[in-house]
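Good morning, everyone, and thank you for making room for me on the agenda. I would like to walk you through one structure today, going from its sheets to its empty spaces.

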Amino acid sequence: MKWRSPKTFAAILLAGTLLVGGCGSNNGASGGSGANGEAGDDTSPVTFTFFGADASPNWNNMQDEVGKAITEKTGVTIEAEFDVGSGGGDNKIALMAASGDVPDLIFAKANLSKLVDAGLVVDMTELIDKHAPNLKKIFSENMNRLKYSKEDPAIYSIPTNGGVDQQYFDSGGGFEIQQRVLKELGYPKVRTVQDFENVLKQYVEKHPTTDGQPTIPLTLNADDWRIMITVTNPAFIATGAPDDGEYYVDPQTYEAKLHYKRPEEKDYFRWLNHMYNEGLLDKDTFVQKDDQYKAKIASGRVLGLIDQEWGYMDAENALKAAGKDEYTYAHFPVTLSEEYKDHSFQSAGVDYYGISITTACKDPVRAIKFIDWLSSDEGQVLVNWGIEGKHYTVDENGKRVIPTEVVDRKVNDTTNFTKETGLGNPDGLYKIFGARYGDGVQDASGNYYTTNFPEQIVENYTDAEKETLKAYNATTWKDLFPQEDEFPAKEWGALYNMPVPTDGDYQVIFQKTQDIVRKRIPEAILAKEADFDKVYDAFLAELDKAGAQKMEAEYTELVKKRVELFTGKDLQ
């Protein structure tokens, strides 16, 4: 079904659907899930089409154990398509917005605005109010944060790629160094970029080859959007600022500017330039593809990374499966100098990418009830813990326990385990389909909703990780990082999730600046050290020539309106 309709028509369509297309009573799971998550009145077979903007290489068409249980409980089967490669859904969703050809459900990430502006996404406000008690319970006082914008307070997306009341017990980011490197060098201090550099340099001088191949001190992943994750955005963290995408926001004035304009970030990129000229940064960093990056890591010859664990997890899992635990990576809160503090754990509150119902969905009531059932206690336990008696047991004290053999497979045979069970690190296959509580939140039974809590995290560590952590007097990697309570929560939430104009000057300028960044940052890093300032200063001038200042002023106003929406402040 194709729609090229304005939002007003989508609202009329939804109202008609609610009147004639309802699924009966509101007592249970997907066909009317009650707050207790028990099976409901309508579990007849139904299929929803779905597109996810992230890749999901282990998706098994719901033929895994958890997927079968979900279908048994709800009657729902998901016919899914996921983005491939590293595109983040950009091309696919742009085509959807242009053609009006959308699936029933979509996890659109940063491209939600394209679909909203095309009138292809349902406002779920009334659906949630009438048919989703679990969603209302989870979001509670945070319902305001589900609204699209101050001007358009509709709910077009239910946050699903993060948990409410999330407590972080571990770190999967920062600067990474192999366990074997740290052990051989006597577990040296790793706090600044100079410390990080010294460790890599000392080790590669002693071991120029690894298993017959040249040792690579540091490699980064600059394949398409991943350049932000490992090349450009670490400049925020290394210089004492929170990662807000392409912009730095002044916490006092809320003024936004492209973060590359910060003088301290210029010094960070100067350090990367130095690493390249010293032969410590992989010469192929800016030409290699994502699979080549992971293949190098899986070979064991890459000593250091600057990445998020989800970006190289497949390669690290391959090392574990090969019995090379010592080739896996430790995480450190590295900054340019000790005057800066890593802001990785500064809270953005409830503000995540999420799942949407489109105007193509013939039964939005059944769809919202499905999402609501997955958001129930029963649904959350299933997608997090799996099936009782198979993936976990309950001891005499009522505590859920994951058997050792299941933990072993989850850690050391992740790919096969996930395909068979639907569970796995970090999120399994089904969490994006429902809202959830975060790590550290307990259900009515006194158990944690998720399996990411200190005792379980430690049990999941390899022996090499445990040895490294012990050497640094830490229990988890997070212990090495500045904690949440050291920072105020960001009043503007997660800016990657803030709607921006999809047409007009903003998008034109933004694309021009992105093209400049993707070209000039690599040029600056690969330049001769004597030429770095000239190249970087020309880069900043080129951004302003492309209209960056006008774009920044427009973005600043959007940030201020978002602060008003989230906090109730009047900034006019």
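Before I name any element, let me say that helices (H or I, at least four residues) and strands (E, at least two) are DSSP runs, numbered from the N terminus. What you see is a predicted model, in which local features need pLDDT of at least 70 and side-chain atom pairs count only at pLDDT 80 or more, while totals for chains, interfaces and linings use all residues. Residues are numbered from 1 along each chain as its sequence is written, and side-chain values use heavy atoms, with hydrogens and water left out.

Let us begin with the whole chain, which has 22 helices and 15 strands. Its C-alpha trace spans about 70 × 60 × 40 Å along the principal axes. A compact globule of 572 residues would have a radius of gyration near 25 Å, and the 24 Å of this chain agrees with that; the radius is taken over C-alpha atoms, and the globule rule is 2.2 Å times the number of residues to the power 0.38.

Now to the sheets. Strands of a sheet pair through backbone hydrogen bonds, either parallel or antiparallel, and here two strands pair if DSSP finds at least two bridges between them. One open sheet has 5 strands in the order E2-E1-E3-E13-E4, with mixed pairing, and its edge strands, each pairing on one side only, are E2 (76-82) and E4 (158-159). Within this sheet, E3 (residues 105-107) and E13 (residues 354-357) run antiparallel and are joined by 3 bridges, with Ile106 standing opposite Ser356 in E13.

Which helices lie across this sheet? Helix H3 (residues 90-99) lies across E1 (46-52), E2 and E3, running at about 120 degrees to E1, and helix H14 (residues 364-374) lies across E1, E2, E3, E4 and E13, at about 160 degrees to E13. Axes are lines fitted to C-alpha atoms, for helices over the stretch in contact, and angles run from 0 to 180 degrees between N-to-C directions; contact means heavy atoms within 4.5 Å.

Another open sheet has 4 strands in the order E8-E11-E5-E12, again with mixed pairing, and E8 (216-218) and E12 (329-332) are its edge strands. Neighbouring strands of this sheet are turned by 20 degrees against each other on average, direction ignored. Strand E5 (residues 175-178) pairs with E12 in the antiparallel sense over 4 bridges, and Ile177 stands opposite Ala330 in E12. Helix H13 (residues 309-321) lies across E5, E11 (302-306) and E12, at about 165 degrees to E12.

Finally, the empty spaces. On a 1 Å grid over the protein atoms alone, a cavity is a set of points where a 1.4 Å probe fits but cannot get out, whereas a pocket is an open set with protein on both sides within 12 Å along at least five of seven lines, and lining residues have an atom within 4 Å of a point. Grid points are joined across faces, edges and corners, and a volume is the space filled by probe spheres set on the points.

The second largest pocket has a volume of about 310 Å³, and of its 14 lining residues, the closest to the centre are Tyr148, Ser149, Glu151, Pro499 and Leu558. Helix H22 (residues 548-567) gives the largest share of that lining, 4 residues. The structure also holds 3 cavities of 30 Å³ or more, and the second largest cavity has a volume of about 50 Å³.
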